[in-house]
Amino acid sequence: MPKRYDYVTVDVFTDRAFAGNPLAVVTDAVGLDTAQMQAIAAEFNYSESTFVLPPENPGHTARVRIFTRQNEVPFAGHPNVGTAFVLARLAERRGAPLGATVRFEEAAGLVPVDLERDAAGHVLGATLTAPQPLALDQTIPAAVIAECVGLEAAAVLTSSHEPVVASVGLPFVLAEVAPDAIGRAVSDAVATASAARRYAFRSGRFSVHIYARTPGRADGADLRARMFSPLGGTGEDPATGSANGALIALLATLDLAADTVLALDVLQGAEMGRPSYLRVTAEKQAGAVTRVRVGGRCAPVMEGALAV
């Protein structure tokens, strides 16, 4: 006899349904094995799905496993924000609201997530703190990245930094592009596969996160971003919290100030018709980034049950 597993879907980094980045949350995954979780994530066919389990430490909120369509990942941005939002809404329904911060045990480490509420105490969104400090790896030639995203080499800007592999829990190639080029980018899976082989990307994926500086826009976005991961099953992602977290940490590192707080608003997903707004912050003390935060609003979409 199949067992029932409840799920909730939510759109993350938006305040309205059918925008932002969709996420499926299986709210009590006890009894599911890894293969079943992977199959369920493939069935949902979102960029990620999460599976909530009891924490190993009773002082934490939950253990959370995150799966893409193809594999499990140690950490990701919108799954943490969306899972916190879903669990907080369910707790409100039960009349036992969660505290101001939830703590998720994940493969990359402990992820604190602060809940955002309105004046009546209803949850609106959440802000995560990245589980790992910024780690920088190899640089990759601008011409190679340009091929991966279908742009001319001159469109990839290198005056601030070369395209570089960076991570605060999940690695991405970060590259700046000209503002007039970001809307023209198109993922090239063949070029991406060639680059992944040539540079032996250690995660098994070669995810390219491009961004353009866009101060003064009417929508308030300081940066526009796009993320392509065709080798991981995501041609383009509507919003990538972990990549934007690594990006704000990188930009703070490049800032000459030894002590600063760099806070930017990022628009991603507009080209897909799923605009996503992310608030990203990096705190820097004595020349080192000490904390990276990524947050935004969420909108509930669907609820149901799986029979497994």
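Where is the place of F18 in the chain? The legends below take up that question along with a few others, and the model they describe is a predicted one.

**Figure 1. The loop between β1 and β2, with F13 and F18.**
The place of F18 is in the loop between β1 and β2. F13 lies in that loop too, which runs between β1 (4-12) and β2 (21-26). Take a look at the backbone of each phenylalanine: phi of F13 is near 70°, a positive value in a residue other than glycine, and phi of F18 is likewise positive and near 70°. Their surroundings are another matter. F13 has 1% relative accessibility and therefore counts as buried, whereas F18, at 59%, counts as exposed.

**Figure 2. The chain as a whole, as a setting for the close-ups.**
Here you can count five helices and 18 strands. The radius of gyration is 19 Å, close to the 19 Å that the globule rule gives for 308 residues, so the chain is as compact as a globular protein of that length. Along its principal axes, the C-alpha trace spans about 55 × 40 × 35 Å. Of the 308 residues, 55% count as buried. The accessible surface comes to about 12,500 Å², and 52% of this belongs to carbon and sulfur atoms. Among contacts between residues at least 6 apart in sequence, 63% join residues at least 24 apart. As for charge, the mean positions of the 26 positive and 32 negative charges are 2 Å apart.

**Figure 3. Helix α2 (residues 77-93) and the glycine that follows.**
How many of the 17 residues of α2 are buried? The count is 14, leaving the helix mostly covered. Its length is worth checking as well: at 1.5 Å a residue, the 17 residues should span 24 Å, and the end C-alpha atoms are 25 Å apart, which agrees. Just beyond the helix, look for G95, which follows α2 and has a positive phi near 75°.

**Figure 4. Helix α5 (residues 241-254) and its cover.**
In α5, 12 of the 14 residues are buried, so the helix is largely enclosed by the rest of the structure. Among the buried residues are G241, S242, N244, G245, I248 and L250. The 14 residues should span 20 Å at 1.5 Å a residue, and the end C-alpha atoms are indeed 20 Å apart, which agrees.

**Figure 5. L136 in strand β9 (residues 135-139).**
Which residues does L136 touch, not counting those up to four places away in sequence? They are V164, V165, A166 and L250. The last of these, L250, is a buried residue of α5. L136 itself has 47% relative accessibility and therefore counts as partly exposed. You may also like to find V168, which is 32 residues from L136 in sequence and 9.2 Å from L136 in space, C-alpha to C-alpha.

**Figure 6. V280 in strand β17 (residues 276-285).**
Is V280 buried or exposed? Its relative accessible area is 2%, so V280 is buried. Leaving aside neighbours within four places in sequence, V280 is in contact with N244, I248, L262, A263, L264, V266, R293 and V294. Two of these partners, N244 and I248, are buried residues of α5. Another partner, V266, is 14 residues from V280 along the chain, and the C-alpha atoms of the pair are separated by 7.4 Å.

Definitions and conventions: Residues are numbered from 1 along each chain as its sequence is written. This is a predicted model: local features need pLDDT of at least 70, side-chain atom pairs count only at pLDDT 80 or more; totals for chains, interfaces and linings use all residues. Side-chain values use heavy atoms; hydrogens and water are left out. Helices (H or I, at least four residues) and strands (E, at least two) are DSSP runs, numbered from the N terminus. The expected span of a helix is 1.5 Å times one less than its number of residues. Buried means under 20% relative accessible area, exposed over 50%, partly exposed in between (1.4 Å probe, protein chains only). The radius of gyration is taken over C-alpha atoms; the globule rule is 2.2 Å times the number of residues to the power 0.38. Contact means heavy atoms within 4.5 Å. Accessible areas come from the Shrake-Rupley method with a 1.4 Å probe; for residues, only the protein chains shown count as cover. Lys and Arg count as positive and Asp and Glu as negative; His and the chain ends are not counted. The place of a charge is taken as NZ of Lys, CZ of Arg, CG of Asp or CD of Glu.
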